[in-house]
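Me: I would like to learn how to read a protein model feature by feature. Could you walk me through this one?

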Amino acid sequence: MINMNSIIIKKHQSGVILVVSMIMLLLLTLIGITGMQVTGLEEKMAHNSVDKNKAFQAAEAALRDAERFIESAAFVAANAAQSDTCTGGVCTKNRVYSNIEDDSTVLANAKTYTSPELTGLAGPPKYLIVPFDADFSGTAAELYRITAIATGAKSTTRSVLQIIYSPIP
């Protein structure tokens, strides 16, 4: 049996558990806020990656369209009519263009590629074709430098692709 006289009831409490629980609550809040910030950053990174991929795919599609254009009869006429500028996406033969993708005057004359499959872009992809002569061990060949420029969903996301194309004779 318990003797009631031997039980001592402490009436004075120091409140340490309240302080500890408040610190734990503060730590959990900080962990939650940090987790939300990291998730938000990862979401932005994923969106930028998707946007960059859209711009790349659009520029790739423009390159393929330029290759088809070079093989067409319309290109032969456009190439023959060249003066000292770029017209209809075809530039002056053997002219050296430095940073052609940043020259707004040249880009104004770029050929625009439109396709129903390309959606969600800030603008349609464009391309420029610069014909030039090449000599491979005494064999002359006409090559084409194709520069394709495309944007993603945001106009600040830009992809520039450049290839040297040789039509099959």
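Reply: We will go from the overall layout to the helix, the sheet, the cores and two loop residues. A word on sources before we start: this is a predicted model, in which local features need pLDDT of at least 70 and side-chain atom pairs count only at pLDDT 80 or more, while totals for chains, interfaces and linings use all residues. Residues are numbered from 1 along each chain as its sequence is written, and side-chain values use heavy atoms, with hydrogens and water left out.

Me: How many helices and strands does the protein have, and in what order do the elements run?

Reply: Helices (H or I, at least four residues) and strands (E, at least two) are DSSP runs, numbered from the N terminus. Here there are three helices and four strands, and the order from the N terminus is α-α-α-β-β-β-β.

Me: How much of the protein is buried?

Reply: Buried means under 20% relative accessible area, exposed means over 50%, and partly exposed lies in between (1.4 Å probe, protein chains only). Of the 169 residues in this protein, 29% are buried. Accessible areas come from the Shrake-Rupley method with a 1.4 Å probe; for residues, only the protein chains shown count as cover. The protein exposes about 11,700 Å², and 61% of that comes from carbon and sulfur atoms.

Me: What span should helix 1 have, and how far apart are its end C-alpha atoms?

Reply: The expected span of a helix is 1.5 Å times one less than its number of residues. Helix 1 has 55 residues and should therefore span 81 Å; its end C-alpha atoms are 81 Å apart, in agreement. Buried residues in helix 1 include Asp51, Ala55, Leu63, Phe69 and Ile70.

Me: In what order do the strands form the sheet?

Reply: Two strands pair if DSSP finds at least two bridges between them. In this model, four strands make an open sheet in the order 1-2-3-4, with antiparallel pairing. Strand 1 and strand 4 are the edge strands, each pairing on one side only.

Me: Which bridges join strand 3 to its partners, strand 2 and strand 4?

Reply: Strand 2 and strand 3 pair antiparallel over eleven bridges. Tyr127 has Ala148 in strand 3 as its bridge partner, and Ala134 has Ala141. These two strands form a hairpin with two residues between them, and Ser137 in the turn has a positive phi of about 50°. On the other side of the story, eight bridges join strand 3 to strand 4, also antiparallel. Ile149 stands opposite Val160 in strand 4, while Ala148 stands opposite Leu161. Strand 3 and strand 4 form a hairpin with six residues between them.

Me: Which residues have the most contacts inside the largest nonpolar core?

Reply: A nonpolar core is a set of buried Ala, Val, Leu, Ile, Met, Phe, Trp, Tyr and Cys residues joined through side-chain atoms within 4.5 Å. The largest one here has 19 residues, and those with the most contacts inside it are Ile70, Phe75, Tyr127, Ile129 and Ile146. Helix 1 (16-70), strand 2, strand 3 (139-151) and strand 4 (158-165) each supply at least two residues of this core. Helix 1 gives the most, with eight residues. A second, separate core of ten residues includes Cys86, Leu107, Ala110 and Val130.

Me: What does Ile70 contact, leaving aside its neighbours within four places in sequence?

Reply: Contact means heavy atoms within 4.5 Å. With those neighbours left aside, Ile70 is in contact with Phe75, Ile129, Tyr144, Ile146, Tyr165 and Pro167.

Me: Now the loops: is Ser115 buried or exposed?

Reply: Ser115 counts as buried because its relative accessible area is 15%. Ser115 lies in the loop between strand 1 (111-112) and strand 2 (126-136). A polar contact is a pair of N or O atoms within 3.5 Å; within protein, one must be able to donate a hydrogen and the other to accept it, and residues adjacent in sequence count only if both atoms are side-chain atoms. The side chains of Ser115 and Glu117 are joined by a polar contact of 2.5 Å.

Me: And where is Gly88 found?

Reply: Gly88 sits in the loop between helix 2 (73-80) and helix 3 (104-107). Gly88 is partly exposed because its relative accessibility is 41%.
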